[in-house]
Amino acid sequence: MAFEDVLTIRAGRAAYAALQDGGLDPRRVGAMAGAAGGPKWLILSALDRYLFSDWLRRDEAAQPIELVGSSIGAWRFAAACHPTDPGGAIARLEQAYLAQRYSEGAGRNEISGTIRGILDAFLSDEVLDGVLTHPRYRLHAVTVRSRALTRSETRGMLAAGSAVSALGNAMSRRTLGWFFEPVVFSRSQGQVRWADDGLNRRIVGLTAANVRDAVYASGNVPLVMRGVVDPPGAPRGIYRDGGIVDYHIDQPLTAADSASPLVLMPHFDDRIVPGWFDKSLRWRRPRHAENTLMIGPGPALRAHLVDGRVPDRKDFYRYAGHDEARLAAWQQAIDAGKRMRDAFIEFADSADPVQYVRPL
């Protein structure tokens with residue numbers, strides 16, 4: 001099977017021009033984008049390990065790389081900040097993620113406790129040190145601070161607020177700011193280029209006092225988990241999943257005239273969806289990912305997955321009471337991810353990689 005059948009490779013306008021001008025070189029990657037998506041990330045585990053343990057270290061590459069992630073994207077990138085063994089830290093995240101088990105009808109307290117346990121399993125002292133001091137990788141964990149009705153932990157109020165925000169979002173993404181304030185916990189404030197999209201992101205310094213809360217809050221799904229209250233150094237409030245606003249990171253992140261203009265995005269999808277509420281809005285296209293080079297699974301690879309799709313959070317309901325079947329499907333995605341990794345190696349080493357790239 002040709003690697004172009006295994007991968008979906010797409011680039012924004014500026015990224016395509018950069019590839020034409022200088023090819024694909026790890027020294028030209030200035031940022032990475034990590035999408036929200038829960039279990040979908042499992043198909044990326046092998047590729048992540050290769051990128052951070054090998055490819056990004058090649059050719060004396062030493063430029064800083066901004067790691068911008070929401071939800072599981074922030075978790076992946078936090079693990080990748082391990083100062084000596086990023087591949088091992090990502091593997092520990094994978095194993096802890098696979099170990100999830102829930103009782104029938106599990107509530108928010110049980111789910112929140114289990115997810116905290118996954119965080120504790122991979123966010124070791126070494127990873128925490130790397131998140132705060134890594135010489136190259138600078139983490140930016142995307143969260144939202146709840147506003148209006150979504151400030152409540154009462155299920156009815158929170159559900160109503162989420163429903164109203166979804167309706168408003170269908171008319172304009174700008175209305176999301178009425179219900180959720182994007183807050184980015186940032187290792188290097190001012191180094192990431194955000195779009196002027198009317199959502200007024202607040203940047204908060206990432207510190208030893210708030211790093212655990214920031215990474216956890218980034219993946220804190222409303223109605224499923226308890227929100228994070230008053231993380232240190234940030235405005236008071238309840239913090240939740242950054243994917244609500246920045247689901248697949250439709251952002252420029254780097255400047256096109258930078259020496260390292262590319263935003264590399266290992267992805268589990270074949271498109272970029274701006275916000276969580278945009279998943280069913282097929283007309284809501286990415287507008288700001290001009291610097292992004294997206295690497296996702298191709299149709300031939302998807303055909304070999306259970307039901308032809310990557311895992312997702314609904315698997316907990318599909319396989320309720322049948323954890324072994326769920327884990328078999330998830331393991332199949334992890335194995336498929338190894339083929340993604342091998343295909344990326346072939347793509348990156350090809351003489352003219354730009355010929356395989358399609359518009360984003």
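Trainee: Which residues do ring pairs link into a cluster with Phe-3?
Mentor: This is a predicted model, in which local features need pLDDT of at least 70 and side-chain atom pairs count only at pLDDT 80 or more, while totals for chains, interfaces and linings use all residues. Residues are numbered from 1 along each chain as its sequence is written, and side-chain values use heavy atoms, without hydrogens and water. Rings of Phe, Tyr and Trp (its six-membered ring) pair if their centres lie within 6.5 Å, with planes under 30 degrees apart called stacked, over 60 edge-to-face and the rest tilted. Ring pairs thus join Phe-3 in one cluster with Tyr-50, Trp-55, Phe-344, Phe-347 and Tyr-356.

Trainee: How many aromatic pairs does this rule give?
Mentor: The criterion is the distance between ring centres. Under this rule, the number of aromatic pairs is 14.

Trainee: Which kind of aromatic pair do Tyr-102 and Phe-316 form?
Mentor: The ring centres of Tyr-102 and Phe-316 are 5.4 Å apart. With 85 degrees between the planes, the pair is edge-to-face.

Trainee: How many residues apart in sequence are the parts that this pair ties together?
Mentor: Helices are DSSP runs (H or I, at least four residues), numbered from the N terminus. Tyr-102 lies in the loop between helix H5 (86–98) and helix H6 (108–122), whereas Phe-316 belongs to helix H11 (residues 315–318). The pair therefore ties together parts whose separation in sequence is 214 residues.

Trainee: Is Arg-108 buried or exposed, and what is its relative accessible area?
Mentor: Arg-108 is placed in helix H6. Buried means under 20% relative accessible area, exposed over 50% and partly exposed in between (1.4 Å probe, protein chains only). Arg-108 is therefore buried, with a relative accessible area of 11%.

Trainee: Which residue has its backbone oxygen 3.0 Å from a polar atom of the Arg-108 side chain?
Mentor: Contact means heavy atoms within 4.5 Å. Not counting residues up to four places away in sequence, Arg-108 touches several residues, including Arg-155, Leu-158 and Met-225. The backbone oxygen at 3.0 Å from a polar side-chain atom of Arg-108 is that of Glu-153.

Trainee: How wide is the arc that the buried residues of H6 cover around the axis?
Mentor: The buried residues of H6 are Arg-108, Ile-111, Ser-112, Ile-115, Ile-118, Leu-119 and Phe-122. They lie on the same side of H6, because the arc they cover around the axis, taken from the directions from the helix axis to the C-beta atoms, is only 115 degrees.

Terms used. Helices (H or I, at least four residues) and strands (E, at least two) are DSSP runs, numbered from the N terminus. A polar contact is a pair of N or O atoms within 3.5 Å; within protein, one must be able to donate a hydrogen and the other to accept it, and residues adjacent in sequence count only if both atoms are side-chain atoms.
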